[in-house]
Structure formats: structure tokens, C-alpha cells
Amino acid sequence: MQTHPFLLKIRSILSYRLFTNLLFVLLGIIVFGVLYGNVKPKTLDINLYEEAPTTIRAPKKFVDDEATEKKREEAKAEVANVYTTKEGAVDNSISLLRSLIESVKEVKAETKDEETEDLKPSPGADINEQLKLLKGKLPKDKDNNVTNGLNDSVLKTLLEAPEEDLDRLETIVSTQLKVIMENGVKEDELKEARFNLEQRITSYSFKGDLTTAAVALGNVALEPTQYYDAEKTDELKKLAEVNVQKVEIIEGGVIVQDGDLITPKVYSILKSMGMVENTFSFKPYIGLALFVLVIISSLYYFFYTLEVTEERKQNYLILTSIVFVISLLIMKIVGLIDQMEINDIAFILPAAFTGMILRILLNERIAMMMIFILSACSSIVFHHQFSGSIDIEIAIYTLFSGVSGILFLVSRNQRSNILRAGIYVALVNILILAFLVLLSGTSYSNSEYVYYLVFALVSGIGSSILTIGFLPFFEAGFGILSSMRLVELSSPTQPLLKKLLTDAPGTYHHSVMVANLAESACESIGANGLLARVGCYYHDVGKSKRPHFFIENQLNMENPHDRVSPETSRDVIISHASDGADMLRKHKLPKEIVDIAEQHHGTTLLKYFYYKAKEQGKDVKEEDYRYPGPKPQTREAAIISIADSVEAAVRSKTSPTQGEIQQLVHSIVQDRLQDGQFNECDISLKQLETVKRSLCETLNGIFHPRIEYPELKAKGEEA
């Protein structure tokens, strides 16, 4: 990846940390600005007692506290009072009645005995004396119910009544008392029970004022059989209150239908949801700011832990930010279309575009992270009606569509693979939409199902088309060497490769052989095998400038080095690296290819001409016969430098054995190690051993012994 000249100029002014922090701040401001309109509070222009201009739905779940409280009060009111039955209440009342009658009889008997003893009535034995004696015998209670309920008139009537009438009175009152009390008499129904008892008693005929006395006795004896239990009643009321479900309006639920009247209750609900007031609130903006902070913090941590050079890290960040912003703008455009009341057209969003293009240009980790971030953003962009609500369905759709785009893009070497991945993404979109539609339980028409199918197909295939369309711009703008770009560069129709094949066919064949060796070796240690192959095709392109000075192109001709001095030969041979790099730059090939051409010889010594000059007795310095470098900076360049020397050395042998090949590979690697050619790249000794094994295996396959067939052998002998 190359750095744009404008960015290089900025970097020369600002430090790495300051430049990176400014990028994150700028990205945060852009994201906040793009999502600002989607969290800005929206209110309805609506008043009390007007008709609703449209069907208004709840943007979020709402609890109607007023209706809930009213429902709770109704539930509490429906709870009946709890009464506790008093055991033995009937027997107690009958016993009280009997004791009162017995007291009357006793007083009458006592006064009668006194009259009998005196043979004539005593003045003190009159009714008043009996009344006094009777009052003394009446039972006492804390409320004086008996004494208050039986006045002097009633007591005198009872004292004057014959004993048989008292017995009849007792029988009737006790019977009616028992009937009423056995049916249950609640504490707060005592008045009604007394009235009922009075009606029953008065239905019988008594002599004189005994009816009044019987009613009075019944009222005194009557007591409640069931007493109000406040504690248990309160428990039941609380239980009923707890069991009342809250009155809720679910998200998307209808608050008022189109054309219905805006009643005070409806208006109160709309007001509680913030749908009718124009009062400014910072809450949505604070929420959006926190959301943006989480996104930027995640990106910062991700790129902070990315194990690449600072320059490449910044390039990755800039590229990721541009793709992110483009994706947000596409999302906003689809969001504007969504407001045209085309049902669920948001599902036409090319959600897989971001993941696919970042997968091609950078790597899977960055692509996957950005898909998660964009899924969260889509839930805000495509929310419905009012701030505060998010669309979970579109977030799920975006997430699965984006992830599938990354997973299905297994091979990135041809643009047709992107289109194939888009078709697979479309199939995944169809499945996700089917899941969302069926899960909702809503009935849809056949035409709506067709719309969903079209949306899913357009989303998947549109993602691949956008990826193919944007890819050349990113590759050109950032000098990105994608797999597809490498495949295109490997075509023999490329101008430089055609020139190499025409002017230096031996070098071209050598480059192809080195490419086979380097690709296998790179893949064995996890390096970029395709980059190594394409780099090998171009690494010796500088030889096409003076092809006959290189032995692989000297077919049936005199070696020109025999006619020139070692210094001239040195300059010609060494210059092929810099000449090749200049040619590659002139044809605007990627920096990685140019670097390989410059670095594939490192600073190695041109031994043949160095020793030739010494043999001629010249005073030469070793550094004058070394390549200018730089030394290999990457594993790919290091492996190509080994493969280049190994291929030339093995090709110089006639029918080399496996042992000879192994010895040649080992000696070349050791020579490069001792010469410090790998000091500036991140290849390890363990990886070098793996590279050596891979090179030996490939060379053994190329130079394996051939069988001489009998027929050919016989013809050879005859000849």
C-alpha cells in the first residue's frame, strides 16, 4: 500500500500520534453529523379534540401509569371484606336470653315468697321493688348493652307477665334468634339483622306489651357471628393490586387510528412519549455522542493493537474510514428512500459491500469489525418515527448479510468470485428476511413476498457490483496490491512481461522458475505466495535493457563480458536491479513489486567479477562490487533473493542429485545469513529451515531423474 503524496506532506508536518488522533476526531465528527438527523427529536403538530392526521404508533414501549393505577384501584375495590366467624356466638346469645328470662322468674319468685310469708302484700314488694331487684340481677358488660337495651318499661312488662307467657316468649325469641344467627350476621349487618328479627317476632301475637319486650330481648341477645378482619382484608387487597398487569402500549402498537379524535387520554400518552412537545432535550444527542465514542474507542483500540508499521497502520485507518463513511452515506440514501412510504425498502441496503471490499483490500479482522459497527449504525438510521427507537430487524439483517459477504469471499483472485459471493449473500438475505417475516406472525400478500425477494436479491448482488465498482478507485488511490490486481499483473499480456519475453526469453523462463520456487516457499511459512510469484515475474525485468549481458539469454553467441573490463561488467550486472525498479515505477506498478526488484539482490557481493578483477592484479574494494541494496525488507523479498540464487545455481548443474540440491540450498542460505542480508526483515531461523525444505522439495520435483525408454535407447545406439 502506497501513501498518497498529500498525506506524506501532512505527515511531514504532524507527528504520527497527532496525525492519527486527528483522524479519529475527524471520523467521530463525521459519524455524529451523519447520524445527527436520525436522533433529532421529531414531534407531531397535533392538538386536543382534533382528528388524527394518520395512524400514530408507539415508537417504544410505554407504560400508562394513570390507567394502571385506576386498574389497581378497581381490583382493590373488587376484593370482598374478610370476616372471622365467632365460635359459639349462637349459644352465647341463646344463653343470654335464657338468663334474662330466668332472672325475671327469680325476682318474681322471691317477691312471691315474701308475700306468702307476710300473708299480705308488703308495700315494699310492689313492682318498683321487683324492678330494682331485677336490675341488680342483670348481667354486666363493658358496653352496658343489656342495661341500655332493656328500659324500665320493658322490664316491668316482663315482671308483670305470667310465667307461661314468659316461657312462650323465650321459645319464640330463641328460635328466631337461632335462625337468623345461624345464617350468619356480619358486624356491619347487625342493624339489618335486628330489623329482620323484629319482623319475625312481631309476626307472633303476644299479650299486652310483650311484643315490645320480646323485640327488646331479641335485640339485646342478638350479636354478630362474623367480625371484620382488617389485616386479612388488607393482605388480599395488596395481593390483588400486585397481580394487576401494567397497562402497556408495545413498540409499534397503535395509539390512535387515522381519523380518530385526540382525546385527553390519547394526548396525555403522546405527551408522555415526547411526541407533541417541542421542548429541546439534550438526551438524544448525549446518547449519540456516547455511541460515537464507543465506535471510535473500538477502532482506536483495534488499530493500536494492530501489528504493522505506523505508516501502514495509518493507511489502513484512512482506507477503513473512507469505506466506513461511504457505507454510511449509502445507508442514508436508502434511509431517504425508506421515508417514501415504500414498505420495508430498507432491506435493499447493500449491507455486504463494506465487508467484501475491506476483506479484499485489507483483511478479515478489519472487515468483520466494521460490519458489527455498521449493523449498530443501521439500527439508528432506519429507526421509525421518533428519536430513541432503534430497528433491531435491520441490524440483524445487516449483520448476517455483511458477515456472509466476508465468509463467501474465499477467493479474491478474480472479480467473478465477487459476483458469485454476491449471489450467495442474496440467498442468505432471503433466508434472514424469511426468518424475520415468519417470526413476526404478520400476514403478508403475495406481492409483498415478491418485494422482499427482490430486496434481498438487489442487496446481495448490489453489494458485489459496488465492490467491483469501487475497487479500482481504492487500488489506484492507495496503491493497494489486492489479490485481483496481482492476478492481473501476472498476465503475460502485461507490457513489461511481453517485453521481457521478447527481448530476454531466457530471463523470462528463469523468472517463471523462480516464481514456482518462491511461491511454495512463501506459502510454507504463511507469507504472501501470490505476491512472491508476481514479484518474481518482474524482479529481473531490468535485464531486458541489456539482455545479452546475462548468460541465460546468450544462446549461440559470444559472451560480451569477455570483451569488456570487470568494472564494466560489474556496472552492467548491478544496474539491472535499479534499471528494473525504474522501469516498474515508470509503468506505475505497485510499490511492493518495485521493492522486490530493488531488494532481491540486497547488498550481496558480485563475486565472479570481483575475483576476476583481483586476478588481473587490480586494487579493488569489496564494497565497489556489491549491489547498492537495500537489503530485503520483507519475508517475500528475502525468499525471492534465495530462490533467485538457488535456481541459477541448480540450473548450472547437469542432472543434480537430491544431495547436491540440498547442499546448494543450504550453502546459499548460510552465505546470505553470514553476510547479514536478512537483518532488516522479520524472517526467523525456523522459517528459513522451512523455506529450505520447501525449495528442496520443489527443485527435486523439477530436476528428478528421467527414465530412458528402451526404444529411444536402441535408436541412440544405432545412431
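In this account a helix is a DSSP run of H or I of at least four residues, with the runs numbered from the N terminus. The model described here is predicted, and every value given below was computed from it.

The interior space of the model was examined first. Rolling a probe the size of a water molecule over the atoms shows where empty space is left. One cavity of 30 Å³ or more is present in the structure, and the volume of the largest cavity comes to about 70 Å³. Helices α14 and α15 each contribute at least two residues to the lining of the largest cavity, and α14 makes the greatest contribution, with three residues. The residues that line the largest cavity are Ser327, Ile330, Met331, Leu349, Pro350, Ala351, Phe353, Thr354, Leu374 and Thr398. When this lining is divided by class, seven of its residues are nonpolar and three are polar, while no charged residue takes part.

The second largest pocket encloses about 1,500 Å³ of space. It is lined by 38 residues, of which Val308, Arg312, Tyr316, Glu592 and Glu636 lie closest to the centre of the pocket. Two or more lining residues come from each of the helices α14 (310-338), α15 (353-361), α16 (364-381), α20 (483-489), α25 (591-599) and α27 (635-651). Among these contributions, the largest share of the lining, five residues, belongs to α25. In contrast to the cavity, whose lining has no charged residues, the lining of the second largest pocket includes 12 charged residues, together with 15 nonpolar and 11 polar ones. Helix α25 is itself mostly covered, with seven of its nine residues buried; the buried residues of α25 are Glu592, Ile593, Val594, Asp595, Ile596, Ala597 and Gln599. Glu592 is thus one of the buried residues of α25 and also one of the residues closest to the centre of the second largest pocket.

The largest nonpolar core has 75 residues, and within this core Leu299, Phe303, Phe324 and Cys377 touch the most other members. At least two core residues are supplied by each of α2 (16-39), α13 (283-304), α14, α15, α16, α17, α18 (415-440) and α19 (446-478), and α14 gives the most, with 12 residues. Helix α14 therefore recurs in the description, since α14 also gives the most to the lining of the largest cavity. Not every residue of α14 is covered, however: Leu336 lies in this helix, and its relative accessible area of 54% is over the 50% cut-off, so that Leu336 is classed as exposed. Leu336 and Phe382 are separated by 46 residues in sequence, whereas their C-alpha atoms are 9.3 Å apart in space.

Helix α17, which also supplies residues to the largest nonpolar core, has 17 residues and spans 24 Å from its first C-alpha to its last, close to the 24 Å expected at 1.5 Å a residue. Its buried residues are Ile394, Ala395, Tyr397, Thr398, Ser401, Gly402, Val403, Ser404, Gly405 and Ile406, and Thr398 appears as well in the lining of the largest cavity. The N-terminal end of α17 is capped by Asp391, a side-chain oxygen of which lies 3.1 Å from the backbone nitrogen of Glu393. The side chain of Asp391 also reaches the backbone nitrogen of Ile394, at 3.2 Å. Asp391 is placed in the loop between α16 and α17 (392-408), and Asp391 counts as buried because its relative accessible area, 13%, is under 20%.

Several loops of the model show backbone geometry that merits separate mention. Most residues other than glycine have a negative phi, and most peptide bonds are trans. A cis peptide bond, with omega of about 5°, joins Gly629 and Pro630, and Pro630 is found in the loop between α26 (607-615) and α27. Lys588, although not a glycine, has a positive phi of about 55°; Lys588 lies in the loop between α24 (566-586) and α25 and is exposed, at 70% relative accessibility. Ser655 likewise is not a glycine and has a positive phi, of about 50°. Ser655 is located in the loop between α27 and α28 (658-674), and with a relative accessible area of 62% Ser655 is exposed.

Conventions:
Residues are numbered from 1 along each chain as its sequence is written. This is a predicted model: local features need pLDDT of at least 70, side-chain atom pairs count only at pLDDT 80 or more; totals for chains, interfaces and linings use all residues. Side-chain values use heavy atoms; hydrogens and water are left out. On a 1 Å grid over the protein atoms alone, a cavity is a set of points where a 1.4 Å probe fits but cannot get out, and a pocket is an open set with protein on both sides within 12 Å along at least five of seven lines; lining residues have an atom within 4 Å of a point. Grid points are joined across faces, edges and corners, and a volume is the space filled by probe spheres set on the points. Ala, Val, Leu, Ile, Met, Phe, Trp, Tyr, Cys and Pro count as nonpolar, Asp, Glu, Lys and Arg as charged, and the others, Gly among them, as polar. Buried means under 20% relative accessible area, exposed over 50%, partly exposed in between (1.4 Å probe, protein chains only). A polar contact is a pair of N or O atoms within 3.5 Å; within protein, one must be able to donate a hydrogen and the other to accept it, and residues adjacent in sequence count only if both atoms are side-chain atoms. The expected span of a helix is 1.5 Å times one less than its number of residues. A nonpolar core is a set of buried Ala, Val, Leu, Ile, Met, Phe, Trp, Tyr and Cys residues joined through side-chain atoms within 4.5 Å.
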